[in-house]
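Welcome, and please take a moment to look over the sequence and the model below. We will then walk through it together, one part at a time.

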Amino acid sequence: MAATAGVAGCQQPKRQRPTSSSSGVSTRETVSASLSGVIGPLEESRTQNVIDEFFQPVKLTLGQIVRQRLSEGRKVTCRLLGVILEESSVEELQKEATIRSSVLEVLLEITKFCDLYLMERVLDDDSEKKILAALENAGVFTSGGLIKDKVLFCSTEIGRSSFVRQLEPDWHIDSNPEVITQLARFIKYQLHVSTVKLERPASNVFTTTSLEQFFGCV
């Protein structure tokens with residue numbers, strides 16, 4: 001009797017429902033499979049092309065990329081030397097100022113979306129005139145949203161840092177590691193344009209070899 005009671009008290013394991021074999025099929029494959037056999041070979045081929053095109057990843061425009069990469073930041077300050085200009089020293093600016101052709105498209109897109117201020121340290125008035133002429137010839141003042149009053153000049157690096165702090169931008173772009181380091185605790189985000197990375201960059205500092213590279217234009 002005891003043995004019989006023990007057997008009666010045992011519960012039978014519940015049967016597992018069979019799993020669907022189609023659980024791993026992707027949406028695209030599901031759509032394709034549902035059409036197979038319903039339409040003819042020619043129509044099926046055309047339909048498959050439409051499906052493939054529909055499921056292609058969306059390609060963002062440069063404007064969308066700029067807004068995305070800048071995290072919707074609306075005010076930007078940017079140094080000219082080594083970022084926008086071919087020249088890399090203030091002495092070179094006394095001879096000429098040349099806009100980097102590869103950065104022009106990105107620069108114009110930034111001016112459309114952001115309140116952009118360009119700035120540079122110069123040694124004389126002629127350097128200022130050369131920079132303004134280069135920007136004007138490149139169409140920055142006509143195609144973009146930049147005006148000449150937003151191109152700022154100073155005689156020292158401290159003066160340039162002071163400009164940035166007064167303007168309180170969402171982003172500051174610079175090629176001078178010392179300026180980047182000094183401003184890190186005052187500015188929300190910074191972009192250091194250089195082939196040499198900072199040893200211990202702050203968490204809000206990003207590094208890129210060029211402005212266009214940061215926005216995926218190379």
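Over residues 1-12, where pLDDT stays under 50, how many contacts beyond four places in sequence does the model have? It has zero for residues 1-12. Keep in mind that this is a predicted model. Residues 20-25 also stay under 50 in pLDDT, and there the model has one contact beyond four places in sequence. The chain as a whole averages a pLDDT of 83, with 73% of the residues scoring at least 70.

Let us turn to the interior. Nonpolar side chains tend to be buried together in soluble globular proteins. Here the largest nonpolar core has 39 residues, and Ile-84, Leu-118, Ile-131 and Leu-211 have the most contacts inside it. Helix H6, residues 104-113, provides the largest share of this core, with five residues. Another core, of eight residues, lies apart from it and includes Met-119, Leu-167, Val-179 and Ile-187.

To get a feel for the 39-residue core, try finding Ile-131. Not counting residues up to four places away in sequence, Ile-131 touches Leu-80, Leu-85, Leu-93, Ala-97, Glu-120, Val-122 and Phe-153.

Next, follow helix H9, which spans residues 157-167. Its buried residues are Glu-157, Arg-160, Ser-161, Val-164 and Leu-167. They cover an arc of only 130° around the axis, so they sit on the same side of H9. Ile-158 and Gln-166, on the other side of H9, are exposed. What do the buried residues of H9 pack against? Their partners are strands S1 (75-79), S2 (115-121), S3 (151-154) and S4 (171-174), together with helix H10 (177-183).

One of those strands, S4, holds His-172. His-172 counts as buried because its relative accessibility is 0%. Leaving aside neighbours within four places in sequence, the contacts of His-172 include Arg-160 and Val-164, two of the buried residues of H9. Also among the contacts of His-172 are Met-119, Val-179 and Ile-187, which belong to the eight-residue core.

Finally, look at two loops. Glu-168 follows H9 and lies in the loop between H9 and S4. Its phi is near 50°, a positive value in a residue other than glycine. With a relative accessible area of 62%, Glu-168 is exposed. Ser-71, in the loop between helix H4 (62-69) and S1, has a positive phi as well, near 55°. Ser-71 is partly exposed, its relative accessible area being 44%.

Key
Residues numbered from 1 in each chain as written. Predicted model: local features only at pLDDT ≥ 70, side-chain atom pairs only at ≥ 80, totals over all residues. Heavy atoms only, no water. Core = buried A, V, L, I, M, F, W, Y, C linked by side-chain atoms within 4.5 Å. Buried < 20%, exposed > 50% of the residue type's maximum accessible area, 1.4 Å probe, protein only. Helix = DSSP H or I, 4+ residues; strand = E, 2+ residues; numbered from the N terminus. Contact = heavy atoms within 4.5 Å. Arc of directions from axis to C-beta. pLDDT = per-residue confidence, 0-100.
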